[in-house]
Amino acid sequence: MTLPAAAQALHDAKYERSASGRFQPTRVIEVELTEPLPKLADDGHYGRAWILVRLYTEPIGVCVVTLPGDGVTPDALAALLWAELSGAVAQRFEAAGLTPPAGLGSAGLTADPDAWPFLRERAALLAGAPFISVVVCTRDRPEQIKKCLNRLAGQQYPRFEVVVVDNAPTSDALRNVVESTVVESPVVEGLGGTAGKGAEFRYCVEPRPGLSWARNAGIAAATSDIIAFLDDDDEPDEHWLAGVAAGFAKGERVGCVSGIVLPARLDNAVENLFEEIGGHTKGRGFAGETFSKSGRQSPLWPLPPFGVGANMAFRRAALDRIGGFDVALGAGTPTGGGEDTLAITMVMLCGYEVVYEPVALMWHHHRQDMASLNKQLHGYSVGLTAFYAALLRQRPAALLGLVKLLPMAAGYLKGGKSEPADAPAEPQGLEAELDRRQLQGMAKGPLVYLKSRRLQRRVAATQRS
């Protein structure tokens with residue numbers, strides 16, 4: 001979403017809430033269409049239900065349902081889901097060589113799971129699953145990371161390790177959490193019981209502050225040729241690594257795989273607001289896609305259409321080719337972001353393909369207060385143009401391509417400016433203020449990047465000495 005469009009979404013969200021009189025949280029749930037559908041009860045707390053819909057575990061779409069006072073019955077839920085997702089369901093039945101169902105009832109859909117292509121393909125993939133290294137970077141947040149590590153421990157994937165990088169820690173609290181993580185051998189469908197000896201969780205320290213320093217330390221500590229990254233406020237779906245492996249299985253030229261990032265909860269207004277202005281999905285849906293530097297989507301603009309740092313994986317060869325993550329970009333540096341976008345873009349420019357695989361699903365905990373969200377959005381603004389400065393430093397020849405894209409970029413930034421005729425003055429002022437702050441951040445990005453490079457050179461020199 002463009003920055004002005006984000007401001008428009010903020011405007012609309014504020015206007016709708018002021019009209020309704022009070023904010024109501026949104027309940028985040030999952031529904032499997034091959035099982036009996038649940039009744040969505042209204043407990044007086046949630047005003048809506050945000051539903052991830054699956055078909056034989058495959059995520060196929062999201063539906064948002066208003067919760068009336070008497071709740072939503074299974075039959076009513078079936079009608080609502082079918083109105084939104086009948087096309088996606090029909091597409092998958094046809095791919096299985098089956099007649100699409102005429103409708104959805106409260107008992108769910110029926111098909112032979114042994115003949116279902118998605119399940120068969122995943123079982124075949126897991127039978128020869130590649131070993132994957134998972135890198136989680138964090139700093140002094142032992143309580144927050146517990147959920148992330150527990151979800152990693154429950155991965156339905158036979159061969160992986162987890163490297164937790166503590167970035168400039170002030171205590172041993174995180175080390176104790178990682179070392180106390182006990183993982184049972186995972187049970188993986190189609191592999192006849194337990195597979196391997198379970199995942200190994202390892203702890204390492206990167207004393208230089210900055211997310212890119214930590215990610216590069218994770219790369220050095222990892223032992224696999226496939227390295228996946230997630231953040232400490234993420235919770236991976238149990239089939240996340242299977243989705244990552246499926247992306248790399250599409251070909252040897254795949255250098256990066258990204259997946260969808262969905263909200264773990266929407267309990268307060270700030271969490272809802274971030275999701276309303278685009279969240280981490282960036283408009284990506286539940287259809288997989290492969291990108292390349294010669295594809296219809298330019299690797300230079302609009303950004304970031306390919307993936308985010310909360311859910312991305314690379315071949316080691318691709319990371320080696322681009323020199324790892326730029327330590328002048330990312331959280332913990334003056335730029336605040338952009339390191340993930342630069343890495344993915346550089347991988348594409350080096351001739352690799354980037355696969356978007358929605359089955360590699362991640363749940364993300366959004367910021368819960370407005371100050372944190374403002375800081376995050378400001379970091380995105382600074383990081384966007386800092387990314388372009390970093391790109392031009394490494395690839396000066398990209399300047400010509402950027403110049404050609406300027407007219408499209410100008411039109412893109414002007415999008416989303418329509419106003420309702422009866423919109424009150426205060427939200428309009430709020431929108432203008434958000435526009436102003438974000439555009440200021442974009443204007444500062446290149447200079448901030450140069451400042452960050454000087455700072456990181458001093459940091460590196462201090463470490464060597």
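Two strands count as paired if DSSP finds at least two bridges between them. With that in hand, welcome to a predicted model of a chain with 13 helices and 14 strands. Of its 465 residues, 54% are buried. Among contacts with a separation of 6 or more, 77% link residues 24 or more positions apart. Here is a tour, starting with the sheets and ending with the cores.

**The three-stranded sheet**

- Strands E1, E2 and E3 make an open sheet in the order E1-E2-E3, with mixed pairing.
- At the edges are E1 (26–32) and E3 (58–66), each of which pairs on one side only.
- On average, neighbouring strands in this sheet are turned by 20° against each other, ignoring direction.
- E1 runs parallel to E2 (residues 48–55), and seven bridges hold the pair in register.
- To find this pairing in the viewer, look for Val28, whose bridge partner in E2 is Trp50.

**The eight-stranded sheet**

- A second open sheet, also with mixed pairing, has eight strands in the order E6-E5-E4-E7-E12-E9-E13-E11.
- E6 (200–206) and E11 (289–291) each have a single partner strand, so one side of each lacks a neighbour in the sheet.
- The average turn between neighbouring strands here is 20°, again with direction ignored.

**Strand E4 and its partner E5**

- All seven residues of E4 (residues 132–138) are buried, so the strand is largely enclosed by the rest of the structure.
- In a regular strand, side chains alternate between the two faces of the sheet.
- One side of E4 carries Ile132, Val134, Val136 and Thr138, the other Ser133, Val135 and Cys137, and every one of these residues is buried.
- Seven bridges connect E4 with E5 (residues 160–167) in the parallel sense.
- Within that pairing, Val135 sits opposite Val163 of E5.

**Strand E9 and its two partners**

- E9 is also largely enclosed by the rest of the structure, because five of its five residues are buried.
- With E13 (residues 353–356), E9 (residues 254–258) runs parallel over four bridges.
- Val254 has Glu353 as its bridge partner in E13, and Ser258 has Tyr356.
- E12 runs antiparallel to E9, and three bridges join the two.
- Ser258 is a handy landmark here too, since its bridge partner in E12 is Met312.

**Helices on the sheet**

- H6 (residues 211–221) lies across five strands that you can pick out by name: E4, E5, E6, E7 (226–231) and E12 (312–315).
- The direction of H6 is at about 145° to E5.
- H7 (residues 240–248) packs on the sheet as well, where it touches E4, E5, E7, E9, E12 and E13.
- Relative to E9, the direction of H7 makes an angle of about 150°.

**The H10–H11 pair**

- H10 (residues 339–349) packs against H11 (residues 370–394) at about 35°, and their axes are 10 Å apart.
- The crossing of H10 past H11 is right-handed.
- From H10, the contact involves Thr341, Leu342, Thr345, Met346 and Leu349, while H11 brings Phe387, Ala390, Leu391 and Gln394.
- Sorted by class, this contact has six nonpolar, three polar and no charged residues.

**The nonpolar cores**

- In soluble globular proteins, nonpolar side chains tend to be buried together.
- The largest nonpolar core of this model has 55 residues, and those touching the most other members are Val165, Phe229, Leu262, Phe314, Leu319, Phe325 and Leu391.
- H10 supplies the largest share of this core, with seven residues.
- What does Leu319 touch, leaving aside residues up to four places away in sequence? Its contacts are Ile219, Ile227, Phe229, Phe314, Gly324 and Phe325.
- Leu391 belongs to two of these stories, as one of the core residues with the most contacts to other members and as part of the H11 side of the contact with H10.
- A second core, separate from the largest, has 38 residues, including Phe160, Val162, Phe201 and Ala228.

Notes:
Residues are numbered from 1 along each chain as its sequence is written. This is a predicted model: local features need pLDDT of at least 70, side-chain atom pairs count only at pLDDT 80 or more; totals for chains, interfaces and linings use all residues. Side-chain values use heavy atoms; hydrogens and water are left out. Axes are lines fitted to C-alpha atoms, for helices over the stretch in contact, and angles run from 0 to 180 degrees between N-to-C directions. A crossing is left-handed if the near helix is turned anticlockwise from the far one by less than a right angle, and right-handed if clockwise. Contact means heavy atoms within 4.5 Å. Ala, Val, Leu, Ile, Met, Phe, Trp, Tyr, Cys and Pro count as nonpolar, Asp, Glu, Lys and Arg as charged, and the others, Gly among them, as polar. A nonpolar core is a set of buried Ala, Val, Leu, Ile, Met, Phe, Trp, Tyr and Cys residues joined through side-chain atoms within 4.5 Å. Buried means under 20% relative accessible area, exposed over 50%, partly exposed in between (1.4 Å probe, protein chains only).
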